[in-house]
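Dear colleague,

I am passing on to you the structure that I have been looking at, and below it you will find my notes, written for someone who has not seen it before. Please read them with the structure open beside you.

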Amino acid sequence: MKKIYFILLLFPFFIFSQEPLKKSEKILYKNERCLGVNLHSLGWGMHGRRTWNDNVRWQHFLEFDIASLKHPKQIKTINTFFSNAKGYDYGKLNSTFILRSGFGKQFLLFDKPDFGGIHITAIGSAGATFAFLKPIYLEILYQDDITNEFYIETEKYNPNDPNHTPYSIFGRASYFNGLNQMQLQVGGYLKVGLNFEYAKKDHVIRSIETGVIADAFKIGENDFLKNGIGKELQIMSLTKNKNNFFTFYININYFFGKKW
């Protein structure tokens, strides 16, 4: 029993005599890349970024976003008179997606601790926004004068056509209809947000970024700019279209992030 007491008395000395944990050295990687999913309040798509480290605090990057864009008042409907009808957006003139390409800066707010945690940075970027508008094609119902049977014709939506009403529209046609009639409009964007990087390994990027984006397709009317850059995006026919879009976004980078 005395031997046991003696060992217990010495046990704290063995604990505190151990060497302290060595602080791991951090590597300042010069390059980064990431690719992920982009979700925003008016659609979804993909996001990519190529980053260069200037120093411990600052980075600069090139980025791109490819995402769908819908009108805030766009509502999906269906012809309830036919059980196999397809859903469509009544009054929608063009299916729209946007491509953003720009330059930005990133500033370190909170570094990741040696034992893990979250790396937080503030980002700001600006660049060009390219809007691609593809005409909407619908399946329109007609009734044969002799047999009284219904048949379907694929037609480009025209709000002034008396046959293009909610009662005669069977549903959306194939998305590939109208690709050869696609139009391009050019604008610009500004983006600000916060990036939260949480990967356990320093050379891997696992991050969630959230913030706001302003896209402008018409910026002022004066003698120098005339009608500005671009114009209102003709997405809908039955409501006022917009030339500026203010959206909240989330970028989720999980599978393709890397530092080197």
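Two strands are taken to pair if DSSP finds at least two bridges between them, and the notes on sheets below rest on that rule. Please keep in mind throughout that this is a predicted model.

As an example of a bridge, L194 has T210 in β12 as its bridge partner. The two strands concerned are β11, residues 183-197, and β12, residues 204-216, which run antiparallel and are joined by 10 bridges, while a hairpin of six residues leads from β11 to β12. Strand β12 is also joined to β13, again in the antiparallel sense, by 12 bridges, and here A214 stands opposite F246 in β13.

To set this in the whole chain, there are one helix and 13 strands, and from the N terminus on the helix is followed by the strands. Of the 260 residues, 36% are buried, and the accessible surface comes to about 16,500 Å², of which 63% belongs to carbon and sulfur atoms. Among the contacts with a separation of 6 or more, 67% are between residues 24 or more positions apart.

The strands β11, β12 and β13 belong to a closed barrel of eight strands, which runs β1-β2-β3-β6-β7-β11-β12-β13 with antiparallel pairing. Neighbouring strands of this sheet are turned against each other by 25 degrees on average, with direction ignored. Elsewhere in the barrel, nine bridges join β2, residues 43-53, to β3, residues 58-69, and these strands run antiparallel; N53 stands opposite Q59 in β3.

There is also an open sheet of three strands, in the order β9-β8-β10 and with antiparallel pairing. Its edge strands are β9 (150-156) and β10 (169-172), each of which pairs on one side only, and the twist averages 25 degrees from one strand to the next. Strand β8, residues 137-143, pairs with β10 over three bridges, and one bridge partner to look for is I169 in β10, which belongs to I140.

Within the barrel, you may wish to look at N253, which is placed in strand β13, residues 244-259. Its relative accessible area is 1%, and N253 therefore counts as buried, the limit being under 20%. Leaving aside residues up to four places away in sequence, N253 touches C34, L35, G36, H47, I205, R206 and S207. For G36 there is a further detail, in that its backbone nitrogen lies 3.4 Å from a polar atom of the side chain of N253.

The last topic is the aromatic rings. A pair of such rings is described by the distance of the centres and the angle of the planes. The count comes to 12 aromatic pairs. In one of them, the rings of Y88 and Y90 have their centres 6.4 Å apart and their planes at 80 degrees, so the pair is edge-to-face; Y88 is buried, at 3% relative accessible area, whereas Y90 is partly exposed, at 29%. Another pair, formed by Y142 and Y151, is stacked, with 5.9 Å from centre to centre and 25 degrees between the planes. Here Y142 counts as buried at 18% relative accessibility, and Y151 as partly exposed at 36%. Finally, ring pairs link F82, F150 and F170 into a cluster.

With kind regards

Notes: Residues numbered from 1 in each chain as written. Predicted model: local features only at pLDDT ≥ 70, side-chain atom pairs only at ≥ 80, totals over all residues. Heavy atoms only, no water. Helix = DSSP H or I, 4+ residues; strand = E, 2+ residues; numbered from the N terminus. Buried < 20%, exposed > 50% of the residue type's maximum accessible area, 1.4 Å probe, protein only. Contact = heavy atoms within 4.5 Å. Areas by Shrake-Rupley, 256 points an atom, 1.4 Å probe, with all protein chains shown as cover. Polar contact = N/O pair within 3.5 Å; in protein donor to acceptor, adjacent residues only side chain to side chain. Axes fitted to C-alpha atoms, helices over the stretch in contact; angles between N-to-C directions. Phe/Tyr/Trp six-rings, centres within 6.5 Å; stacked < 30°, edge-to-face > 60°.
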